[in-house]
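Student: Could we zoom in on one part of this structure, the contact surface? I'd like to go through it slowly, contact by contact.

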Protein chains: 2
Amino acid sequence: MKIGELSARTGVSIRSLRYYEQQGLLTPARHGNGYREYSPLTEEQVRTIQLYLALGLSTEQIAGFLQCVLKNKEAFCQEVLPIYRQKLAEIDDQIHLLQNIKLNLEDRIRSILDERQIDDKEE
Amino acid sequence: MKIGELSARTGVSIRSLRYYEQQGLLTPARHGNGYREYSPLTEEQVRTIQLYLALGLSTEQIAGFLQCVLKNKEAFCQEVLPIYRQKLAEIDDQIHLLQNIKLNLEDRIRSILDERQIDDKEE
DNA sequence: ATAAACCCTGACATTAATGTGAGGGTCAAG
DNA sequence: CTTGACCCTCACATTAATGTCAGGGTTTAT
């Protein structure tokens, strides 16, 4: 299957498919004319990549264990767990940061509304 | 006060102070030799800018109400509330996204540990 | 008058995945 | 043999605040 078909089947842009290749995530064969030829298995592979990207992992991290998880259960791949844990820690940090900002914003919004209430009464 | 002193007093890098000026947040006077001259009030102004940046607002958004809030109470500045509310909505979205990813990661980590438990017993 | 410590502008780098366009081959159907 | 629909590579743009040079003036103290 050529790149256009793979793109249509997966919903991933041609640009992105080429980028994944450049990052070492896909290694399609080449026709004599230079066209990429993807095996049917690649479709599932691309969906797997998208899944990991959606978890916030970088292409570099994914490259580190993709070959393993495509052939085995995730639990078999030693690299996965530490990456998951690291990502989880990052996510937790981000959530806490955002929640602090959220509380701050809510306070400020409340203050503004309170002040306006007072000002309204004064006039 | 010159830029080095302002930077030292506020902890904000010289580079950033120049950037704030470029974004219209600061407008120091100039000496004949081209050196920027900041009024003592600027120190507080810079702290205010940092405060808003820490809330996740962009310099462009800050520029939209900074002059007002420096002269009045925040509640007086009409531009502030909608920006706060918009930012709050964005933050909420991000938090929800991150929480979904977090749950997903936790599931996956649990699955891996469970599977390994089983595999350990089998051998 | 020289050295150290300032200041200036301009410009490129950073991050990461993706969009977009130029310039140019290839192939299939008419 | 031409047209349209593919494909290729290369490369610049995107975001936003900040870091970091380079190349060059100024000031202050010695």
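**Where protein meets DNA**

Tutor: Let's start at Ser16(A): an N or O atom in its side chain sits 3.2 Å from a sugar or linking oxygen of DNA strand C. That's a polar contact, meaning a pair of N or O atoms within 3.5 Å (within protein, one must be able to donate a hydrogen and the other to accept it, and residues adjacent in sequence count only if both atoms are side-chain atoms). Keep in mind that this is a predicted model, where local features need pLDDT of at least 70 and side-chain atom pairs count only at pLDDT 80 or more, while totals for chains, interfaces and linings use all residues. Residues are numbered from 1 along each chain as its sequence is written, chains are lettered from A and ligands numbered from 1 in the order in which they are written, and side-chain values use heavy atoms, leaving out hydrogens and water.

Stay with strand C for a bit. The side chain of Tyr19(A) has an N or O atom 2.9 Å from a phosphate oxygen of DNA strand C. Thr59(A) uses its backbone instead: a polar backbone atom there is 3.0 Å from a phosphate oxygen of that strand.

Now step back. In total, 19 residues surround DNA strand C, and the closest are Ser13(A), Tyr19(A), Tyr35(A), Gly4(B) and Arg36(B). Of the atoms of strand C that come within 4 Å of the protein, 66% are sugar and phosphate. A residue counts as near a strand if one of its heavy atoms lies within 4 Å of it. By class, the surface near strand C splits into 6 nonpolar, 7 polar and 6 charged residues. Here Ala, Val, Leu, Ile, Met, Phe, Trp, Tyr, Cys and Pro are nonpolar, Asp, Glu, Lys and Arg are charged, and the others, Gly among them, are polar.

Which helices do the work? For strand C, helix H2 (14–22) of chain A, plus helix H1 (3–10) and helix H2 (14–22) of chain B, each supply at least two residues. H2(A) gives the largest share, 4 residues. (Helices are DSSP runs of H or I with at least four residues, strands are runs of E with at least two, and both are numbered from the N terminus.)

Over to DNA strand D. Here Gly4(A), Arg18(A), Arg36(A), Ser13(B) and Tyr19(B) come nearest out of 19 residues. Arg18(A) puts a polar side-chain atom 2.8 Å from a phosphate oxygen of strand D, and Arg30(A) has a side-chain N or O atom 3.1 Å from a phosphate oxygen. Tyr35(B) reaches a base: one of its polar side-chain atoms lies 2.9 Å from a base nitrogen of strand D. Among the strand D atoms within 4 Å of the protein, 66% belong to sugar or phosphate and the rest to bases. The largest share of this surface, 4 residues, comes from H2(B).

How are the two chains related? A rotation of 180° with 0.0 Å of shift along its axis puts chain B on chain A, with an RMSD of 0.0 Å. That's what a two-fold axis does. The fit is by least squares on C-alpha atoms of residues with pLDDT of at least 70 in both. In chain B, the C-alpha nearest the axis belongs to Ile95(B), 3.0 Å away. And 100% of the interface residues of chain B are interface residues in chain A too, so the copies meet through the same surface; contact here means heavy atoms within 4.5 Å.
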